[in-house]
Amino acid sequence: MPLPKAELHLHIEGTLEPELAFELAERNGVRLPYADTEALRGAYRFDDLRSFLDLYYGLMAVLRTERDFEDLANAYLARAAAQGVRHAEIFFDPQAHLSRGVALGTVVEGLWRALERSEAVHGVSTQLIMCFLRDESAASALETLDAAKPYLHRITGVGLDSAEVGHPPVKFREVYEAAAALGLRRVAHAGEEGPPEYITEALDVLGAERIDHGLRCMEDPALVARLVRERVPLTLCPLSNVRLRAVDALAEHPLPAMLDAGLLCTVNSDDPAYFGGYAGDNFDAVRTALGLDEDRLRELARNSFTASFLEHDEERRARYLAEVEAYEFG
Ligand SMILES: [Zn+2]
């Protein structure tokens, strides 16, 4: 039995495996520029950000109907459950679908069909977090939030993702203020490839309650002290960091130093179909490459539930935390 954990940094579009991509392509009459799943799997071994993003956005063409998004979410939840995920806060990128003519309602209601049955089918509780693409304009983010208004009962919070450098958090001040006024929780990617100042700005200007990635905080001791003092969770994605070259090798990942510093770190999978593994795979990888002992692994699992947006259901959080404490490593 795997260690129970929450997944807090997961882009649902990044869970599209080659087999499902071909199945959906056939169902929707979309032609993929790959001979078969093996050829496509080969393309997943990209070696830079550009080739990753081309593939990532190119493959989204197969996602067209509510049923497609439902199948995508169900496939993820089954894999996550098998790796010990008990609670998942799932990102989606509406602008990537709106821009190719897929309505926001199709995306949200499709995902919801899987999410509303997830506890019964997979034993995984879920939440949805709508992300804005930071390389799109602030006006586009505001339009997206506006388009989401009929679906806010399905959405817990907002996030900020995609290419970081040159797109500082301050660009999205207005849409985050509007989201807060609507009662939405707030997270943001910061300090992955962007500088530590973006983390500070995400906290102070956007009111971010969690920082996605955030590993470059280690370049600024005063920022680390603040993150520790304010118990700001960081959602790290070790295998993603290696594939996108945020770190040179897993053995050089700053996770152990970050835990030693007292940071509230969690381990997550980001875009697992593309980066070499799901939540449990990331736990296994850091355990091996960084020599994390059982106390550290249990701490990471505990942190994931502590950092979850479960304030409306503290009983559930307590139950999950009790599962972590009772877990026996094999
Ligand atoms: Zn991410």
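**Exercise 1. Two helices that cross**

Helices α4 and α6 of this predicted model are oblique to each other. Work out why, then say which residues make the contact.

*Solution.*
Step 1. Locate the helices. Helix α4 covers residues 66-82 and helix α6 covers residues 104-115.
Step 2. Take the angle. The two axes cross at roughly 40° and come within 7 Å.
Step 3. Apply the cut-offs. Angles under 35 degrees count as roughly parallel, and 65 to 115 as roughly perpendicular. The crossing therefore counts as oblique.
Step 4. Give the hand. α4 and α6 cross in the right-handed sense.
Step 5. List the contact. From α4 come E66, R67, D68, F69, E70, A73, N74 and L77. From α6 come T106, V107, E109, G110, L111, R113, A114 and L115.
Step 6. Sort by class. The contact of α4 with α6 holds seven nonpolar, three polar and six charged residues.

**Exercise 2. A second helix pair**

Find how α8 and α9 are oriented to each other, and divide their contact residues by class.

*Solution.*
Step 1. Helix α8 spans residues 138-147, and helix α9 spans residues 173-181.
Step 2. Their axes lie 8 Å apart, and the packing angle is about 20°.
Step 3. Angles under 35 degrees count as roughly parallel. α8 and α9 are therefore roughly parallel to each other.
Step 4. The crossing of α8 and α9 is left-handed.
Step 5. α8 supplies A138, A141, L142 and L145. These meet E174, V175, A178 and A179 of α9.
Step 6. The contact of α8 with α9 has seven nonpolar residues, no polar ones and one charged.

**Exercise 3. From β5 to β6**

Describe the pairing of β5 with β6, and trace the chain between these strands.

*Solution.*
Step 1. Strand β5 is residues 185-190, and strand β6 is residues 210-213.
Step 2. β5 and β6 pair in the parallel sense, over four bridges.
Step 3. Follow the chain. From β5 the chain runs through helix α10, residues 196-204, to β6. This β-α-β crossover is right-handed.
Step 4. Pick out a facing pair. A190 stands opposite H213 in β6.

**Exercise 4. On to β7**

In what sense do β6 and β7 pair, and which residue is the bridge partner of D212 in β7?

*Solution.*
Step 1. Strand β7 covers residues 233-236.
Step 2. β6 and β7 pair in the parallel sense over two bridges.
Step 3. The bridge partner of D212 in β7 is T235.
Step 4. Add the helix. Helix α11, residues 221-229, joins β6 and β7 in a β-α-β unit, and that unit is right-handed.

Methods
Residues are numbered from 1 along each chain as its sequence is written. This is a predicted model: local features need pLDDT of at least 70, side-chain atom pairs count only at pLDDT 80 or more; totals for chains, interfaces and linings use all residues. Two strands pair if DSSP finds at least two bridges between them. A crossover is right-handed if, with the strands pointing away from the viewer, the path from the first strand over the helix to the second runs clockwise. Axes are lines fitted to C-alpha atoms, for helices over the stretch in contact, and angles run from 0 to 180 degrees between N-to-C directions. Angles under 35 degrees count as roughly parallel, over 145 as roughly antiparallel, 65 to 115 as roughly perpendicular and the rest as oblique. A crossing is left-handed if the near helix is turned anticlockwise from the far one by less than a right angle, and right-handed if clockwise. Two residues are in contact if their C-beta atoms, placed from the backbone, lie within 7 Å. Ala, Val, Leu, Ile, Met, Phe, Trp, Tyr, Cys and Pro count as nonpolar, Asp, Glu, Lys and Arg as charged, and the others, Gly among them, as polar.
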